[in-house]
Amino acid sequence: MKIVFATGNPDKLTEIREIVKDLGIEVVTMKEEGFTGEINETGSTFMENALIKARTVAKALGEVTMSDDSGLVVDALGGEPGIYSARWMGEHTSYRIKNKAIIDRLGDLSAEKRTARFVCAMACVFPDGRELTAEEAFEGIIGWEERGRNGFGYDPIFYLPERGCTSAELSREEKNAVSHRGKALRKMRQLLEEEMNRENA
Ligand code: IMP
């Protein structure tokens, strides 16, 4: 089975390839398959955006297509940056500046009021219209300072009280085991496996 992954992000591609390789699934990018169209992420939730991407590419290429959408939800900021996480404060603004802005806006709020989560929605759309979806969250709080050099984006301010470190202080393997993306990928893998068993039954 071949799956097109609607992403331009090589890290995401490596992760998904690793997780489905023993199912005999080959993962290719939408670019490799010749998709050059624009996709407007006009949804109002992570899942709507993941579905928009996967449906658009599945329709254009006539192939099974998977996509994901993720971001950071900060409760004290009314859910910001949320689905706008990548574009928040401008697409080219550095995460040093974005992270400082979030810390500043939270001021001296107590730990109980600094709750936040990373969310990952994953969708897999088949040309015949079947759709598989998985959404998972990774709970934490917004820290008081940036810490750690691993990961990317908002990881240095995403503090995990029970571990006493940020997600930027976890190794790649440690983060994958508990993260929104790791959990959503494993759930999607399970759904794909069930779908393949149904097809072969
Ligand atoms: P997208 O899913 O590629 O649209 O990325 C969403 C954005 O959410 C990223 O650009 C980051 O700003 C943020 N984000 C999603 N997952 C993570 C994570 O694991 N660590 C840090 N930031 C993340």
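# A tour from the sheet to the pocket

Start by selecting residues 2–5 and 26–29: these are strands β1 and β2, which run parallel and are joined by four bridges. Strands here are DSSP runs of E with at least two residues, helices are DSSP runs of H or I with at least four residues, and both are numbered from the N terminus. Two strands count as paired if DSSP finds at least two bridges between them. Between β1 and β2 the chain passes through α1, and this β-α-β crossover is right-handed. Right-handed means that, with the strands pointing away from the viewer, the path from the first strand over the helix to the second runs clockwise.

This is a predicted model, in which local features need pLDDT of at least 70 and side-chain atom pairs count only at pLDDT 80 or more, while totals for chains, interfaces and linings use all residues. Residues are numbered from 1 along each chain as its sequence is written, and side-chain values use heavy atoms, with hydrogens and water left out.

**Stop 1: the partners of β1**

Select K2, then E26, its bridge partner in β2. Move to F5 and find T29, the bridge partner of F5 in β2. Now add residues 65–74, strand β3, which runs parallel to β1 and is joined to it by two bridges. In β3, F5 has M66 as its bridge partner.

**Stop 2: across the sheet**

Show all the strands. In what order do the seven strands of the open sheet lie? The order is β2-β1-β3-β4-β5-β6-β7, with mixed pairing. The edge strands, β2 and β7 (165–166), each pair on one side only.

Next select β4 and β5, an antiparallel pair with eleven bridges. One position to check is A116, whose bridge partner in β5 is G140. The two strands form a hairpin with five residues between them, and in the turn G129 has a positive phi of about 100 degrees.

Continue from β5 to β6, an antiparallel pair joined by two bridges. Here I141 has Y159 as its bridge partner in β6. Y159 also leads to the next strand, since T166 in β7 stands opposite Y159. Strand β6 covers residues 158–160, and its pairing with β7 is antiparallel over two bridges.

In a regular strand, side chains point to the two faces of the sheet in turn.

**Stop 3: two helices on the sheet**

Select α1, which lies across β1, β2 and β3 and runs at about 165 degrees to β2. Then select α5, which lies across β1, β3, β4 (115–125) and β5 (131–142) and runs at about 160 degrees to β5. Contact here means heavy atoms within 4.5 Å. Axes are lines fitted to C-alpha atoms, for helices over the stretch in contact, and the angles run from 0 to 180 degrees between N-to-C directions.

**Stop 4: the loop between β3 and α3**

Go to P81, in the loop between β3 and α3. The peptide bond from E80 to P81 is cis, with omega near -10 degrees. M89 is found in the loop between β3 and α3 too. M89 is not a glycine, yet has a positive phi of about 65 degrees.

**Stop 5: the cavity**

Rolling a probe the size of a water molecule over the atoms shows where empty space is left. On a 1 Å grid over the protein atoms alone, a cavity is a set of points where a 1.4 Å probe fits but cannot get out, and a pocket is an open set with protein on both sides within 12 Å along at least five of seven lines; lining residues have an atom within 4 Å of a point. Grid points are joined across faces, edges and corners, and a volume is the space filled by probe spheres set on the points.

There is one cavity of 30 Å³ or more. The largest cavity holds about 30 Å³ of space. Select its lining: F5, K12, E15, I16, D68, M122, R181 and L185. Which helix gives the largest share of this lining? It is α1, with three residues. Both α1 (10–20) and α5 (180–200) supply at least two residues each. By class the lining has four nonpolar, no polar and four charged residues. Ala, Val, Leu, Ile, Met, Phe, Trp, Tyr, Cys and Pro count as nonpolar, Asp, Glu, Lys and Arg as charged, and the others, Gly among them, as polar.

**Stop 6: the pocket**

The largest pocket contains about 1200 Å³ of space. Of its 42 lining residues, select N9, K12, S70, F152 and R181, the closest to its centre. Two or more lining residues come from each of α1, β3, α3 (95–106), α4 (172–178) and α5. β3 provides the largest share, five residues. The lining divides into twelve nonpolar, 15 polar and 15 charged residues.
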